[in-house]
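Welcome! Here is a short briefing to help you find your way around the structure shown below.

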Amino acid sequence: MKVPLLDLQKQYATIKTEILEVTEEVFESQRFIMGPKVEELEKQIADYCGCRFAVGVSSGTDALLISLMAAGVGFGDRVITTPYTFFATVGTIARTGARPLFVDIRDDTFNMDPQALEKLLLSFSVEEREIVKAIIPVHLYGQCADMKPIMELARQFGLTVIEDAAQAIGSEYQFEDGVIKRAGAMGECGCFSFFPSKNLGAFGDGGMVTTNDAEIQERLVKLRNHGASPKYYHAMVGGNFRLDALQAAVLIVKLRYLDQWTRGRQENAALYRTLFEAAGLEEVRLPEEKEWRHIYNQFVIRVPENRDGLKAFLGERGIGCEIYYPVPLHMQSCFKGLGYEKNDFPVSERTAETSLALPIFPELTSEQIHYVVDMIGQFFSSKKT
Ligand SMILES: *Cc1c(COP(=O)(O)O)cnc(C)c1O
């Protein structure tokens with residue numbers, strides 16, 4: 001049986017007519033840059049995330065970069081995030097000229113450890129505090145970071161919070177007073193990616209920044225178009241971070257299905273749990289659901305013994321799986337200059353050695369999920385005999 005990690009053709013088949021209609025509309029208009037489709041999508045995404053504003057941009061990476069620029073982060077500044085994330089979270093910090101500072105993740109959620117954050121913040125001298133400007137919590141794999149303590153620390157230390165919500169559109173976090181907020185609605189900015197493999201994927205690159213702050217929104221809108229305001233007059237230097245009308249048109253169609261697809265992912269996760277528990281596979285640690293609404297961009301298990309052997313075994317049996325991410329960012333050679341060393345972030349390092357993402361896309365069949373769990377069981381039972 002073949003079980004790809006992701007099968008976008010299956011999804012496309014269910015929405016093809018609508019997509020062809022709406023893209024034809026854009027072709028006929030011959031308006032490809034920004035325009036009414038982008039504005040419509042911005043309104044819908046703002047509503048969906050429970051935010052006042054959304055600004056369409058060219059990718060999730062550019063969403064992070066433009067948010068940092070709008071926050072005034074630049075040369076010599078410091079920005080705090082975790083070393084266990086996609087490269088863009090940290091790459092964009094470096095591109096502003098700021099220096100990334102890392103805190104480790106929590107072992108149960110893969111997300112920023114608020115205690116480690118507090119410890120780092122308290123360790124700063126008065127001079128150091130001056131140059132620390134922002135925190136980027138990442139809502140990894142579709143589950144929100146523990147935002148209450150992170151927001152409290154940010155307020156206490158006067159830091160901007162930029163949520164990396166690239167993998168977490170529609171995921172939710174419940175505060176202690178019962179208030180529930182969506183990813184992207186808690187910090188100053190929320191950064192989303194429409195890379196095709198994300199839960200809401202475009203037909204190419206695309207991204208979005210959400211914010212509740214009208215001044216930030218205004219700055220984002222200018223920065224996305226070279227900082228121009230009015231046209232050809234530049235009080236600031238921005239870039240070309242614009243979203244295409246074609247991508248917006250596709251995303252407007254797909255957004256209508258997002259909750260249904262999310263349910264599919266959640267049901268698949270539940271079935272994995274049932275089957276793994278029934279199989280009593282002690283060699284596999286399942287992902288934990290700690291926060292309110294997990295949207296399962298990825299279903300990532302931990303395999304402490306012989307993860308790479310299991311990955312190869314599954315690959316030979318037609319099952320797609322992937323390691324997100326094999327090298328924590330403090331160990332990447334381009335960040336050698338930051339001065340971090342092995343063992344600085346033990347949870348991130350251990351996770352990089354043991355994590356394995358299994359297929360979780362909404363259109364998976366229950367037979368496919370059974371097959372994946374059966375094959376994992378077979379791998380470990382063959383090791384025992
Ligand atoms: C995908 C992703 C990004 C970057 O998004 P692109 O649209 O690919 O530029 C940033 N951060 C995280 C956590 C991501 O998963």
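## Two domains and a ligand

The domain assignment splits the chain into domain 1 (8-104 + 111-255) and domain 2 (258-384). Please keep in mind that this is a predicted model. The notes below look at how the domains meet, and then at the ligand.

**How the domains meet**

- The C-alpha centres of domain 1 and domain 2 are 25 Å apart.
- Domain 1 brings 40 residues to the contact, and domain 2 brings 36 residues.
- Together the two domains bury about 3,500 Å², with 58% of it on carbon and sulfur atoms.
- On the domain 1 side, Tyr84, Tyr141 and Asn199 lose the most area to domain 2, together 23% of what that side buries.

**Polar and charged links**

- Zero salt bridges are found across the interface of domain 1 and domain 2.
- Polar contacts between domain 1 and domain 2 come to 26 residue pairs.

**The domain 1 side of the interface**

- Elements giving two or more residues to this side include helix H1 (8-29), helix H4 (87-95) and helix H9 (245-255).
- Strands also take part, among them strand E3 (99-102), strand E6 (172-174) and strand E7 (180-182).
- By class, the side of domain 1 that touches domain 2 holds 21 nonpolar, 11 polar and eight charged residues.

**Around the ligand**

- The ligand is surrounded by 15 residues, and the closest are Gly60, Thr61, Gln167, Ser193 and Lys198.
- A side-chain N or O atom of Thr61 lies 2.5 Å from an oxygen atom of the ligand.
- For Gln167, a side-chain N or O atom is 2.7 Å from a ligand oxygen atom.
- Asp164 has a side-chain N or O atom 2.8 Å from a nitrogen atom of the ligand.

Technical notes: Residues are numbered from 1 along each chain as its sequence is written. This is a predicted model: local features need pLDDT of at least 70, side-chain atom pairs count only at pLDDT 80 or more; totals for chains, interfaces and linings use all residues. Side-chain values use heavy atoms; hydrogens and water are left out. Domain bounds come from an automatic or database domain assignment. Contact means heavy atoms within 4.5 Å. Buried area is the accessible area (1.4 Å probe) that two parts lose on being put together, summed over both. A salt bridge is a side-chain nitrogen of Lys or Arg within 4 Å of a carboxyl oxygen of Asp or Glu. A polar contact is a pair of N or O atoms within 3.5 Å; within protein, one must be able to donate a hydrogen and the other to accept it, and residues adjacent in sequence count only if both atoms are side-chain atoms. Helices (H or I, at least four residues) and strands (E, at least two) are DSSP runs, numbered from the N terminus. Ala, Val, Leu, Ile, Met, Phe, Trp, Tyr, Cys and Pro count as nonpolar, Asp, Glu, Lys and Arg as charged, and the others, Gly among them, as polar. A residue is near a molecule or strand if one of its heavy atoms lies within 4 Å of it.
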